[in-house]
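Q: Please take a close look at the hollow spaces here for me. I'd like to start with whatever is closed off, and then follow the trail from there.

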Amino acid sequence: MIIRTILAASAAAIAFAPMTASAQTMLKFAHVYESSEPYHTCAVAASDKLLAATDDRYGIEVFPASSLGKEVDINEGLGLGTVDIIYTGQLFAGRAYGPIAIGGAPFMFRDYEHWDHFRNSDLFKELSQGYEDATGNHIVSLTYYGARHVTSNKPILKPEDMKGLKIRVPNAPLYMMFPRATGANPTPIAFAEVYLALQQGTVDAQENPLPTIQAKKFYEVQDDINLTGHITDALLTIVGGPTWNQLSDEDKAALSTVLEETADCATQQIIDKENELAAWFKEQGVTVNEVDRGPFIEATKAMHNGDMATWDQETYDRLQAIK
């Protein structure tokens, strides 16, 4: 038994140990997602690209599944220099600079195309600069995370069905907007702890995109997937200020190009998975409910510029005007 424990511990240490690389400097890229997910696999592939682009001056070592800390921890690590690059939700970045969170608010985008035009807009560039001015950290790219849907152990077909529902949300205030708009009870829980919370009944429901529901196996402990599509969500790729500022202009350009390609890589894979997963979940015996989103949209829009908003009316109007 002792030998097995030692072997297991050794295996775990090897899994997260720094890999041998020819780079002079290995940049630590931390995130909270599984190693099977496109965010991770595309980031791993980025290392060879960066080695080639910088003549082996820089490579990337990727740490998945909260191995360097929860999302709040890795955000803090950027400024401390304990991590160099992270994926993070816009609402987590919004803790440091409120307006950047607008892209992660519920029903803020009409559809994927609206979001895609936003990420390539002057407005997003200005919001990114505002975040950098506030934190010193540099936003490089925006990766599509998917449309977030509610999973539960009962059908959620109209806002009234969510009344009193104890639903897990990420630990950032704006994730509470949609539950509050529909009368649910939002409960912040760290991402790594959600499966157990659902299994033990600590919460009744959670919300995430279909690829994440599959990767985290939430469908094993939830009977229904309700296609609310309430957030067209995305992950910011951010380089910490201490790391960014020590790079030459040439290496900044190389890193930016590689991380933008990484965002495109993961974005396309998430789109592909979204298109096929509803059928896959049905094959697993999960009930997938089509939802009339209209009443959910109306309930939530009333809160867009209320007390929870961390942006001003002009920013909101400019986003809505993007075609």
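**Hollow spaces and a helix pair**

A: In this predicted model, there is 1 cavity of 30 Å³ or more. The largest cavity has a volume of about 30 Å³. Its walls come from two runs of residues plus one extra: Ala105, Pro106, Phe107, Met108 and Phe109, then Gly229, His230, Ile231 and Thr232, and finally Arg293. By class, that lining splits into 6 nonpolar, 3 polar and 1 charged.

Now for the open kind of space. The largest pocket comes in at about 390 Å³. It has 16 lining residues, and those closest to its centre are Arg119, Phe124, Val140, Ser141 and Glu260. Three elements each give two or more residues to this lining: helix H6 (122-135), strand S4 (138-152) and helix H11 (249-283). The mix here is 5 nonpolar, 6 polar and 5 charged.

Let's stick with H11, since it has a packing partner too. Helix H2 (residues 38-53) packs against H11 at an angle of about 155°, with the axes 9 Å apart. That angle is over 145 degrees, so H2 counts as roughly antiparallel to H11. Their crossing is right-handed. On the H2 side, the residues in contact include Tyr39, Cys42, Ala46 and Leu50, while H11 brings Leu255, Val258, Cys265 and Ile270, among others. Sorted by class, the contact between H2 and H11 has 13 nonpolar, 3 polar and 3 charged residues. So H11 turns up twice on this tour: it helps line the largest pocket, and it packs against H2.

Definitions and conventions: Residues are numbered from 1 along each chain as its sequence is written. This is a predicted model: local features need pLDDT of at least 70, side-chain atom pairs count only at pLDDT 80 or more; totals for chains, interfaces and linings use all residues. Side-chain values use heavy atoms; hydrogens and water are left out. On a 1 Å grid over the protein atoms alone, a cavity is a set of points where a 1.4 Å probe fits but cannot get out, and a pocket is an open set with protein on both sides within 12 Å along at least five of seven lines; lining residues have an atom within 4 Å of a point. Grid points are joined across faces, edges and corners, and a volume is the space filled by probe spheres set on the points. Helices (H or I, at least four residues) and strands (E, at least two) are DSSP runs, numbered from the N terminus. Ala, Val, Leu, Ile, Met, Phe, Trp, Tyr, Cys and Pro count as nonpolar, Asp, Glu, Lys and Arg as charged, and the others, Gly among them, as polar. Axes are lines fitted to C-alpha atoms, for helices over the stretch in contact, and angles run from 0 to 180 degrees between N-to-C directions. Angles under 35 degrees count as roughly parallel, over 145 as roughly antiparallel, 65 to 115 as roughly perpendicular and the rest as oblique. A crossing is left-handed if the near helix is turned anticlockwise from the far one by less than a right angle, and right-handed if clockwise. Contact means heavy atoms within 4.5 Å.
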